[in-house]
Amino acid sequence: LAVITTSGGLKILAGDEHEGSGNPHVWLSPRNAMHQVGMIRDGLIRSDPPGAATYNANAQRYLDELSALDRQIAAEVATFGSRRFIAFHAAWGYFARDYGLEEAAVVERTPGQEPSPDEIAAIVRAARLIQAKAIFAEPQFSPQAAEVIAAESGAQVLYLNPLGMPPDYRYLEMMRSNLREISRALK
């Protein structure tokens, strides 16, 4: 069994107290996803050298698609009037870093653990300070805290999906959908 660490060689962002080895959400930046495709390709070639031509061709085709997505995101982000956003949890740090954005606050420091009243008040202040048009929730978790923060700060709740939708979890479509939502909040 070959184990391929697709994040090997990436600059890993610090995680919270539950993420001792760093922020695990590397795939949410297409630039990191390109690196991961290369790592998968190389691991498959090491395990199956006769399949190298197929692995190289398939990887290159997908890398071309990821490169086009990267250019699309960069061009769209260049039109944003704001660079700061409030996410449901600290999943979007790599995306923010790679495209010149700032995750100004997060609703839940640990997904599934509701923020305290003091934390909600601090996020509301941050939302007002950055004049957030949206508070991002995630379809995998309850939007209740995001809804409270949005109501108190005059923002709306929009959804970013870090995992995709069953049954096929199409990465490119998921990231384009996320880009549309981010654009709604930051243009």
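The following paragraphs describe two helix pairs and four individual residues in a predicted model.

Two packed helices are described by the angle between their axes and the distance between the axes. For helix H2, which spans residues 52–77, and helix H6, which spans residues 171–186, the axes approach to within 11 Å and cross at roughly 0°. Because angles under 35 degrees count as roughly parallel, H2 is classed as roughly parallel to H6. On the side of H2 the contact is formed by Tyr-62, Glu-65, Leu-66, Leu-69, Gln-72, Ile-73 and Glu-76, and on the side of H6 by Tyr-171, Leu-172, Met-175, Arg-176, Leu-179 and Ser-183. Sorted by residue class, the contact of H2 with H6 comprises eight nonpolar, two polar and three charged residues.

The pair formed by helix H4 (residues 117–129) and helix H5 (residues 144–153) has axes that come within 9 Å and cross at roughly 50°. This crossing makes H4 oblique to H5, and the handedness with which H4 passes H5 is right-handed. The residues of H4 that take part are Ile-120, Ile-123, Val-124, Ala-127 and Arg-128, and they meet Val-148, Ile-149, Glu-152 and Ser-153 in H5. Of the residues in the contact of H4 with H5, six are nonpolar, one is polar and two are charged.

Helix H2 also contains Asp-70, for which the relative accessible area is 13%. Since buried means under 20% relative accessible area, Asp-70 is assigned as buried. The side chain of Asp-70 is joined to that of Arg-31 by a polar contact of 2.7 Å. When neighbours within four places in sequence are set aside, the contacts of Asp-70 are with Arg-31, Met-34 and Tyr-99. One of these partners, Met-34, is located in helix H1. With neighbours within four places in sequence likewise left out, Met-34 is in contact with Leu-63, Leu-66, Ser-67 and Asp-70. Leu-66 is thus named both among the contacts of Met-34 and among the residues through which H2 meets H6. Along the chain, Met-34 and Pro-49 are 15 residues apart, and their C-alpha atoms are separated by 21 Å.

Contacts of helix H1 with the preceding part of the chain are illustrated by Thr-6, which lies in the segment before helix H1 (30–47). With a relative accessible area of 19%, Thr-6 is buried, a value to be read against the threshold of under 20% that defines this class. A polar contact of 2.8 Å is present between the side chain of Thr-6 and the side chain of Gln-36. Gln-36 appears again in the list of residues in contact with Thr-6, which, leaving aside neighbours within four places in sequence, consists of His-35, Gln-36, Met-39 and Ile-40.

A further position, Leu-163, is found in the loop between strand S4 (156–159) and H6. The relative accessible area of Leu-163 is 47%, and the residue is therefore partly exposed. Not counting residues up to four places away in sequence, Leu-163 touches Trp-27, Gln-140, Tyr-169 and Met-174. Between Leu-163 and Gly-8 the separation is 155 residues in sequence, while the C-alpha to C-alpha distance in space is 21 Å.

How values were computed
Residues numbered from 1 in each chain as written. Predicted model: local features only at pLDDT ≥ 70, side-chain atom pairs only at ≥ 80, totals over all residues. Heavy atoms only, no water. Helix = DSSP H or I, 4+ residues; strand = E, 2+ residues; numbered from the N terminus. Buried < 20%, exposed > 50% of the residue type's maximum accessible area, 1.4 Å probe, protein only. Polar contact = N/O pair within 3.5 Å; in protein donor to acceptor, adjacent residues only side chain to side chain. Contact = heavy atoms within 4.5 Å. Axes fitted to C-alpha atoms, helices over the stretch in contact; angles between N-to-C directions. Parallel < 35°, antiparallel > 145°, perpendicular 65-115°, else oblique. Left-handed = near helix turned anticlockwise from the far one by under 90°. Nonpolar A, V, L, I, M, F, W, Y, C, P; charged D, E, K, R; others polar.
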